[in-house]
Amino acid sequence: MALLDVSDVTMKFGELVANRGVSFTVETGSIVGLIGPNGAGKTTLFNCISGLCKPTEGKICFDGNDITGWKPYQIAAKGAVRTFQVVRPLKDMTVFDNVLVGAFLKCSDNRKAFQKADECIGLCRLETVRERLAGELSIGGKKRLEMARALATSPKLLMLDEVMAGLTSTEVNESVEVIQKLKQAGLTLMVVEHVLDAIMSIADKIVVLDGGIKIAEDTPGRIIDDERVIEAYLGAKYSQRYKRRNEIGAVD
Ligand SMILES: Nc1ncnc2c1ncn2[C@@H]1O[C@H](COP(=O)(O)OP(=O)(O)O)[C@@H](O)[C@H]1O
Ligand SMILES: [Mg+2]
């Protein structure tokens with residue numbers, strides 16, 4: 001059974017339709033990439049799944065529960081959590097305390113919560129800024145903090161909204177490594193990302209949105225050849241470059 005089942009979800013803001021009849025599933029233990037141009041409705045879909053928006057129509061099932069219209073804290077408690085594209089640190093608290101807030105969702109015991117927070121700080125490579133105020137971090141640091149705080153809640157599904165935007169290429173590689181480690185540990189992930197090389201390398205499946213509509217859902221290898229996706233988002237140049245590089249990789 002799929003961990004997440006998004007069925008015919010429509011989200012309207014007045015006249016504006018941010019998501020229109022979107023359906024897809026996320027299998028347990030997989031990484032699903034969600035891509036598309038700016039304004040395609042990716043963040044809105046995360047808002048619907050995480051309870052920040054109540055879909056106008058449609059149904060969202062998570063881990064066997066119909067969570068449509070549930071509050072964010074109820075959905076987080078069930079194990080579906082997300083990071084924010086526009087980072088939201090508790091900026092006057094230390095990095096450690098920010099992550100601890102996440103840990104307290106599931107740990108009632110102080111010692112266990114502290115342990116969990118430090119484990120997530122280590123995983124997201126925040127050890128050197130553990131005692132710094134969150135507001136003082138670089139954008140890369142704040143993105144990693146978003147991830148650590150979400151991870152500290154011990155989720156089953158982690159939804160990452162552009163956590164690699166604004167990072168250096170070394171930081172992108174580090175984030176890819178962290179995501180792969182999380183998958184190996186059994187976590188299921190949905191990843192919204194414009195860093196295409198990163199998303200193509202980690203996703204088992206990619207869902208493409210354009211103008212609020214799902215225009216494709218397939219493996220990275222097939223998405224790269226999808227004319228509609230090339231036209232709406234990838235561009236012919238990227239598609240050719242990706243294929244050429246992978247062919248060269250295969251020969252080498
Ligand atoms: N709370 C809101 N109220 C009104 N319009 C919104 C709201 N949230 C998103 N939108 C609109 O919905 C569309 C999709 O936005 P968004 O989901 O942020 O796209 P993406 O994350 O793919 O860039 C955009 O036109 C955006 O302006
Ligand atoms: Mg967005």
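This report describes the domains, sheets, helices and ligand site of a predicted model.

## Two domains

The domain assignment divides the chain into domain 1, made of residues 2-79 and 156-251, and domain 2, made of residues 88-154. The centres of domain 1 and domain 2, taken over C-alpha atoms, are 24 Å apart. Where the domains touch, 10 residues come from domain 1 and 12 residues from domain 2.

On the side of domain 1 that touches domain 2, the elements giving two or more residues are α2 (72-78), β7 (157-161) and α6. The largest share there, three residues, is that of α6. Sorted by class, this side of domain 1 has seven nonpolar, one polar and two charged residues.

## The sheet of four strands

Four strands form an open sheet in the order β2-β1-β4-β5, and their pairing is antiparallel. Strands β2 and β5 (65-66) are at the edges; each has a single partner strand, so one side of each has no neighbour in the sheet.

Strand β4 (residues 57-62) pairs with β5 in the antiparallel sense over two bridges. Opposite aspartate 66 in β5 stands cysteine 61. Helix α1 lies across β1 (2-13), β2 and β4, and runs at about 65° to β2.

## The sheet of six strands

A second arrangement is an open sheet of six strands, in the order β6-β7-β8-β3-β9-β10, with mixed pairing. Its edge strands, β6 (80-82) and β10 (213-218), each pair on one side only. From one strand to the next, the twist averages 15°.

Within this sheet, strand β3 (residues 31-35) and strand β8 (residues 188-192) run parallel and are joined by four bridges. Glycine 33 has valine 191 in β8 as its bridge partner. Helix α6 packs on the sheet and touches β3, β7 and β8, with its direction making about 155° with that of β8. Helix α9 (residues 227-234) lies across β3, β9 (205-210) and β10, and runs at about 120° to β10.

## Helix α6

Helix α6 covers residues 169-184. Its 16 residues, at 1.5 Å a residue, should span 22 Å, because the expected span is 1.5 Å times one less than the number of residues. The C-alpha atoms at the ends of α6 are 23 Å apart, which agrees with that expectation. Just after α6, glycine 186 takes a positive phi of about 105°.

## Helices α3 and α5

Helix α3 (residues 95-103) packs with helix α5 (residues 139-151) at an angle of about 35°, and their axes are 7 Å apart. In α3, the residues that meet α5 are Val95, Asn98, Val99, Val101 and Gly102. In α5, their counterparts are Leu145, Ala148, Arg149 and Ala150. By class, the residues of this contact are six nonpolar, two polar and one charged.

## The ligand site

Around ligand 1 are Phe13, Leu16, Ala18, Gly36, Asn38, Gly39, Ala40, Gly41, Lys42, Thr43 and Thr44. The elements that give two or more residues to this shell are β2 (16-27) and α1 (42-50). Helix α1 gives the most, with three residues.

The shell around ligand 1 has four nonpolar, six polar and one charged residues. Helix α1 therefore appears twice in this report: it contributes to the shell around ligand 1, and it lies across strands β1, β2 and β4.

Terms used:
Residues are numbered from 1 along each chain as its sequence is written. Chains are lettered from A and ligands numbered from 1 in the order in which they are written. This is a predicted model: local features need pLDDT of at least 70, side-chain atom pairs count only at pLDDT 80 or more; totals for chains, interfaces and linings use all residues. A residue is near a molecule or strand if its C-beta atom, placed from the backbone, lies within 6 Å of it. Ala, Val, Leu, Ile, Met, Phe, Trp, Tyr, Cys and Pro count as nonpolar, Asp, Glu, Lys and Arg as charged, and the others, Gly among them, as polar. Axes are lines fitted to C-alpha atoms, for helices over the stretch in contact, and angles run from 0 to 180 degrees between N-to-C directions. Two residues are in contact if their C-beta atoms, placed from the backbone, lie within 7 Å. Two strands pair if DSSP finds at least two bridges between them. Domain bounds come from an automatic or database domain assignment.
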